[in-house]
Amino acid sequence: MKVSEMGGVKAPSEATQHAAAADHEPVFTGDRRSRLDELLSRYPTRMAALLPALWMVQEDRGWVSQGAMAEVAELLGLTPAYVKGVVTFYTMYHQHPVGKYFIQVCTTSPCGACGAEDVVAAILRQSGCSQLGSTSPDGRFTVIEVECLGACGFATPIMINDEFVESVTPERVSSLLGKLR
Amino acid sequence: MGFPYPSHRRETPVLSQHFGDAEARALDGWKKRGGYRALEQALGMEPAAIVATIKESGLRGRGGAGFPTGMKWGFMKPGDGKPHYLCVNADESEPGTFKDREIMRWTPHALIEGTAIGAYAIGAEIAYIYIRGEFTEPIRVMDQAVRDAYAAGILGANAMGTGKRVDVHIHKGAGAYICGEETALMNSLEGRRGNPRIKPPFPAVAGLFGKPTTINNVETLAAVPHILTNGAEWYKKFCLSNPKSTGTKLFSVCGNIARPGNYEVVLGFPFKDFLYDLCGGPPPGRTFKACIPGGSSVPIQSMAEAEATLMDYEGFVAQGSMLGSGGVILFDDSQCMVKHIGRLARFYAHESCAQCTQCREGTAWVTRILERIEGGGGTIGDLDVLLELSENMTGKTICVLSDSCAAPIVSGIQKFRDEFMAHITGKGCPLRASAAA
């Protein structure tokens, strides 16, 4: 793999992205709007609520579309281009839809010394994902390598959506994935 | 405590004494264990007296740089009419380090208490705890603990009934190693890309939202309540070697070792005993080959150096490395150092914010060379190019990410040159070749 191709989720076609932007249903209505207002009270600037607001978008929609970026920009008094600049800096905001179960496997050196590559291979094979960053044909799984998850003493840690699983071995993969329907 | 193992008799559990104890997570359980008495005491003291106590204790920053905490707090000038902020750096992402995660998972109120004391001492009405986004469980635990502390009147406009305001908010990161750099953390909190800022101005002058700010690591703040309760003299007695290194320290241990986990020892503890006695030595049938003692950004130690080290800020430097964040990574004789150094370089290439040319270009360039050598396509000249690049990546950028990438490369070529040469002359990895045979 080239350095320029490291990490991340593979992009769908551009047409899909534009369609998603045009169809955007507002995220910040009702309870979510009040939650955002409560968040804004914690900071002296509206811009500081940007990361939390983007998290709220992703929790609700599963990813952050161009339409959602424009909505957040409007609410916080920023430009859509600025918001996109921030979204693209951080690895955890999905700029494209991902599988129902988003699996991140730590492969940084300490985990690498404890067999993380074999865990990646087992997860790729058993999830039906053809390569890192792609989604399985049934839409259930997207698998990526992630840099240090900060649980190096419990190699190999993986994340399945928001859940941390420690000490994963290739032998445990089939029972872990089997539970995810 | 070597959680999930029971505490070893040679450990000195202060911060880790309640790891694994679910009751200590809850507010009632924490209070039963003496929690929030130090905050109550602090709110009755003059802020300057708290700063003086922390100075006297010798506590140094546990995030990596080891800067004296009391001195850092002393840079803040409460009462100058400006807002002041405390940022808690819980963006733990240095490969090999996983101690702050355990502090937050098991003793969230220890961090909240230390944070509240720190905020009061520096005149900050608001403290933000910036936790990396991947730490979903610590975020859940900390969120609940903050809510409970507000509901009990410990935090808020009338903290512990003293009429003093202490607000603590959790801020969730979104995946970026560089946000553990203090000025990048502040940019990220402000809703920007996590690019480090040029210093000066230093955060104590113009930090978060342009206002005077102090940034402390989780472990540093978690030690503060113990120091206030027991006194600076008590803390200073935790010292086995250099008097400039006081207190207990959590070391995270990982890689090829029998019992990985977190261990808390008094600074100055012999590293050889630590590795073989507390952590159980190498996996069965193996020997240690190399050690990175302070998170992936510090120079690699040969085992001769590691075994001669006394575990404090000066002791690691005397043996060719640094204490850093206390993330100890071990590699055994089955591991290829060229591969691991290349993998570390890839980590830094991925995490570079790309502001500075030396870092953006350098980290990617060294990664390509290292991976080529590992794959069998290396030339003798590659080692000189790597060393020259590393020199140009050191001390020339806004932050030290590119220096951190260079440290394992330079020390790796110095201490494991034979392995590099074997890859170049044998056109591939000798370990892989012998495994295939």
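Which residue follows H7(A), and what is the sign of its phi? I shall come to that residue by way of the helix, after a word on the model.

What we have here is a predicted model. Its scores are ipTM 0.95 and pTM 0.96. For chain B, the average pLDDT is 96, and 99% of the residues score at least 70.

Let me turn to helix H7 of chain A, which covers residues 116-127. This helix has 12 residues, and its end C-alpha atoms lie 16 Å apart. That agrees with expectation, because at 1.5 Å a residue the helix should span 16 Å. The buried residues in H7(A) are Ala116(A), Val119(A), Val120(A), Ala122(A), Ile123(A), Leu124(A) and Ser127(A). In general, an α-helix has 3.6 residues a turn, so residues three or four places apart point the same way. As for partners, the buried residues of H7(A) pack against two strands of chain A, E1 (101-106) and E2 (141-146), and against two of its helices, H6 and H8 (173-178).

This brings me back to the opening question. The residue that follows H7(A) is Gly128(A), and its phi is positive, near 80°.

Finally, the contact between the chains. Chain A gives 37 residues to this contact, and chain B gives 49 residues. On the side of chain A that touches chain B, at least two residues each come from helix H3 (50-61), helix H5 (80-89) and helix H6 (109-112). The largest share, four residues, is supplied by H3(A). By character, the residues on this side of chain A are 25 nonpolar, nine polar and three charged. Helix H6 of chain A thus appears twice in this account: it supplies residues to the side that touches chain B, and the buried residues of H7(A) pack against it.

Methods
Residues numbered from 1 in each chain as written. Chains lettered and ligands numbered in written order. Predicted model: local features only at pLDDT ≥ 70, side-chain atom pairs only at ≥ 80, totals over all residues. Contact = placed C-beta atoms within 7 Å. Nonpolar A, V, L, I, M, F, W, Y, C, P; charged D, E, K, R; others polar. pLDDT = per-residue confidence, 0-100. Expected span 1.5 Å × (residues − 1). Buried ≥ 20, exposed ≤ 12 C-beta atoms within 10 Å, placed from the backbone.
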